[in-house]
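Student: I would like to look closely at a single part of this protein rather than at everything at once. Could you choose one element, and explain step by step how it sits among its surroundings?

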Amino acid sequence: MQFIYENKTLTTVDEITSQKQIVNLDLGLKERGEYPLRRLKIISKYPFGLVSVWSYMQLAHTVFVYPQQLKPLHEASLQNNHNTDDGLHKNSHGSDEFDGLNIHQTGMNMKRISWKHYAKTQQLMVKEFVNYSAQSVVFDFNQLQGNTESRLQQLSYLVTQAYSQGVSYGLQLEAGLYAISDTKEHCKQCLEALSRFAKDENESH
């Protein structure tokens, strides 16, 4: 069985069994952007190629190619800090005062799960801590140095690092502000926004 996309054979599965198989398809997309998928041709050939059957699958999906990650040279100066109204901020770092457990919601950082509690109750709970001096972070496109692509690559790095560390963050682009959060869905939305960012063909930076 062969999988063909835009007249290019992506992969061939030599043996088809009754067991479920996962097939990874490399579409060869190298440049960042948003790519609505086109139809995929699936063709199966009888041994020696005497008989062939095929079908087309119309894929109603979009693939995002995120910008490559580039660590900023002066990372500390690229963040706008925002205090919470009362100076009290719940966070997931685990280095502050423990505040309790909350029920895990879809998209929450997996690092916050209390696995000891799960082992006892089979219920996913997340740990909350109180930090009386904590600040959230906003990554601003206009505060970065370099051309458009370089700035997007730096933002891709900052967003990914913030999410992996459980830091609440927002993203400021020319099109608007992505509000502060620390969820997986928020990370995905920010990276997709960086992928869609319009390219400036007449950059002067």
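Tutor: What follows is a close look at one helix, together with the parts of the chain around it.

Please keep in mind from the start that this is a predicted model, and that the values below were computed from it. As a setting, the protein chain has three helices and 13 strands, and 35% of its 205 residues count as buried. Among the contacts in the chain with a separation of 6 or more, 59% are between residues 24 or more positions apart, and the helix we shall study, α3, offers an example of such a long-range contact, since the C-alpha atoms of S195 and P67 are separated by 6.2 Å although the two residues are 128 residues apart along the chain.

Let us begin with the helix itself. Helix α3 covers residues 184-196, which makes 13 residues, and at 1.5 Å a residue these should span 18 Å; the C-alpha atoms at its ends are 19 Å apart, which agrees with that expectation.

Which residues of α3 are buried? They are H186, C187, C190, L191, E192, A193, L194 and S195. The cover over these buried residues comes from several elements, including the strands β3 (33-36) and β6 (62-65), the helix α2 (148-164), and the strands β12 (169-173) and β13 (176-181). Two of these covering strands also belong together, for β12 and β13 pair in the antiparallel sense over four bridges. A hairpin of two residues joins β12 to β13, and within the pairing Y169 stands opposite S181 in β13.

We can now take one buried residue and follow its contacts. S195 lies in helix α3 and counts as buried because its relative accessible area is 2%, while the cut-off for being buried is under 20%. Leaving aside residues up to four places away in sequence, S195 touches R32, G33, E34, F64, V65, Y66 and P67.

The helix also holds a charged pair. The side chains of K188 and E192 meet in a salt bridge, with 2.8 Å from N to O, and both residues lie in α3, four residues apart, which is about one turn of the helix. A general rule helps here: an α-helix has 3.6 residues a turn, so residues three or four places apart point the same way. Are the two partners buried or exposed? K188 counts as partly exposed because its relative accessible area is 37%, whereas E192, with 11%, counts as buried.

The structure holds three salt bridges, and another of them involves a residue that we have already met, because R32 is among the residues that S195 touches. R32 forms a salt bridge with E149, with the closest N and O atoms 2.9 Å apart. This pair links distant parts of the chain, as R32 lies in the loop between β2 and β3 and E149 lies in helix α2, 117 residues apart. R32 is buried, with a relative accessible area of 8%, while E149, at 25%, counts as partly exposed.

Helix α2, which is among the elements that cover the buried residues of α3, deserves one further step. S150 has its place in α2 and is buried, with a relative accessible area of 18%. Apart from residues up to four places away in sequence, S150 touches L70 and Q145.

For contrast, it is worth turning to the surface. The protein chain exposes about 13,700 Å², and carbon and sulfur atoms supply 49% of this area. A nonpolar surface patch of about 650 Å² is made by Y46, F48, L50, V51 and V53. One of these residues, L50, lies in the loop between β4 (40-45) and β5 (52-57), and at 70% relative accessibility L50 counts as exposed, whereas S195 in our helix is buried at 2%.

To draw the picture together, α3 has buried residues that are covered by elements including β3, β6, α2, β12 and β13, and a salt bridge within the helix joins the partly exposed K188 to the buried E192.

Definitions and conventions
Residues are numbered from 1 along each chain as its sequence is written. This is a predicted model: local features need pLDDT of at least 70, side-chain atom pairs count only at pLDDT 80 or more; totals for chains, interfaces and linings use all residues. Side-chain values use heavy atoms; hydrogens and water are left out. Patches are made of residues with over 30% relative accessible area and no salt bridge: like charges are joined within 9 Å, nonpolar side chains (Val, Leu, Ile, Met, Phe, Trp, Tyr) within 5 Å. Accessible areas come from the Shrake-Rupley method with a 1.4 Å probe; for residues, only the protein chains shown count as cover. A salt bridge is a side-chain nitrogen of Lys or Arg within 4 Å of a carboxyl oxygen of Asp or Glu. Buried means under 20% relative accessible area, exposed over 50%, partly exposed in between (1.4 Å probe, protein chains only). The expected span of a helix is 1.5 Å times one less than its number of residues. Contact means heavy atoms within 4.5 Å. Two strands pair if DSSP finds at least two bridges between them.
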